[in-house]
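Welcome! Please open the structure in your viewer and keep the selection tool at hand.

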Amino acid sequence: MAALRRLLLPANKSVVISNPAIFLSRRGIASKLFVGGLSFYTTEEGLSEAFSQHGQVIEAKIVMDRVSDRSKGFGFVTYASEDEAEKALQEMNGKPLNGRVVFVGYAKPKTDSGGMPIARGPPEPPTEQ
């Protein structure tokens, strides 16, 4: 944190950073990868095993459908460092995994949707002017 302060502030200024999570969140996003095109038969263990060849996997998560309890065909892999994530992205993007070609990219941060979506109904008929 001290090194970060030296980079951001002139030597004669003193500032207390009250929320270091702001700086760390960028780092966390960069080490999380989106993996699309997964086979429905790919498990979290299999995903972790495939991606652990390129670095230390912290978490491998496959997104499941709540109703059918089946995979939605995509997931996320979190790495311990940005370098490992970059290496995995380059090595695994476009490669087959369990019979399907997977697409790998950096995960986007979650957005707060604010709850249930608003149903708007059918569009209004055009008005004559």
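Here is a tour in a few stops, from the whole chain down to single residues.

This is a predicted model, in which local features need pLDDT of at least 70 and side-chain atom pairs count only at pLDDT 80 or more, while totals for chains, interfaces and linings use all residues. Residues are numbered from 1 along each chain as its sequence is written, and side-chain values use heavy atoms, with hydrogens and water left out.

**Stop 1: the whole chain**

Select the protein chain in cartoon view and you will find four helices and six strands. Helices (H or I, at least four residues) and strands (E, at least two) are DSSP runs, numbered from the N terminus. Walking from that end, you meet the elements in the order α-α-β-α-β-β-α-β-β-β.

Now switch on the surface. About 10,000 Å² of the protein chain is exposed, and carbon and sulfur atoms supply 55% of this area; accessible areas come from the Shrake-Rupley method with a 1.4 Å probe, and for residues only the protein chains shown count as cover. Of the 129 residues, 24% are buried. Buried means under 20% relative accessible area, exposed over 50%, and partly exposed in between (1.4 Å probe, protein chains only).

**Stop 2: the sheet**

Which strands should you colour next? Four strands form an open sheet in the order 2-3-1-6, with antiparallel pairing; two strands pair if DSSP finds at least two bridges between them. Strand 2 and strand 6 (103-106) are the edge strands, each pairing on one side only. From one strand to the next, the twist averages 25°.

Zoom in on strand 1 (residues 32-36), which pairs with strand 6 in the antiparallel sense over four bridges. Here you can pick out Gly36, which stands opposite Phe103 in strand 6.

Next, show the helices that pack on the sheet. Helix 3 touches strand 1, strand 2, strand 3 (71-79) and strand 6, and its direction makes about 140° with that of strand 2. Helix 4 (residues 82-92) touches strand 1, strand 3 and strand 6, and its direction makes about 150° with that of strand 6. Contact means heavy atoms within 4.5 Å; axes are lines fitted to C-alpha atoms, for helices over the stretch in contact, and angles run from 0 to 180 degrees between N-to-C directions.

**Stop 3: the salt bridge**

Select Glu44 and Lys61, whose side chains meet in a salt bridge (3.8 Å, N to O). The pair links distant parts of the chain, 17 residues apart: Glu44 is in helix 3 (residues 44-51) and Lys61 in strand 2 (residues 57-64). A salt bridge is a side-chain nitrogen of Lys or Arg within 4 Å of a carboxyl oxygen of Asp or Glu, and the structure holds one. Glu44 counts as partly exposed at 29% relative accessibility, and Lys61 is partly exposed at 43%.

**Stop 4: two loop residues**

Move to Ser39, in the loop between strand 1 and helix 3. Is Ser39 buried or exposed? Ser39 is buried, with a relative accessible area of 6%. Not counting residues up to four places away in sequence, Ser39 touches Ser71, Asn98 and Arg100. Add Val102 to the view: Ser39 and Val102 are 63 residues apart in sequence and 8.7 Å apart in space, C-alpha to C-alpha.

Finally, select His54, in the loop between helix 3 and strand 2. His54 is buried, with a relative accessible area of 12%. Leaving out residues up to four places away in sequence, His54 touches Tyr79, Glu84, Lys87, Ala88, Glu91 and Met92.
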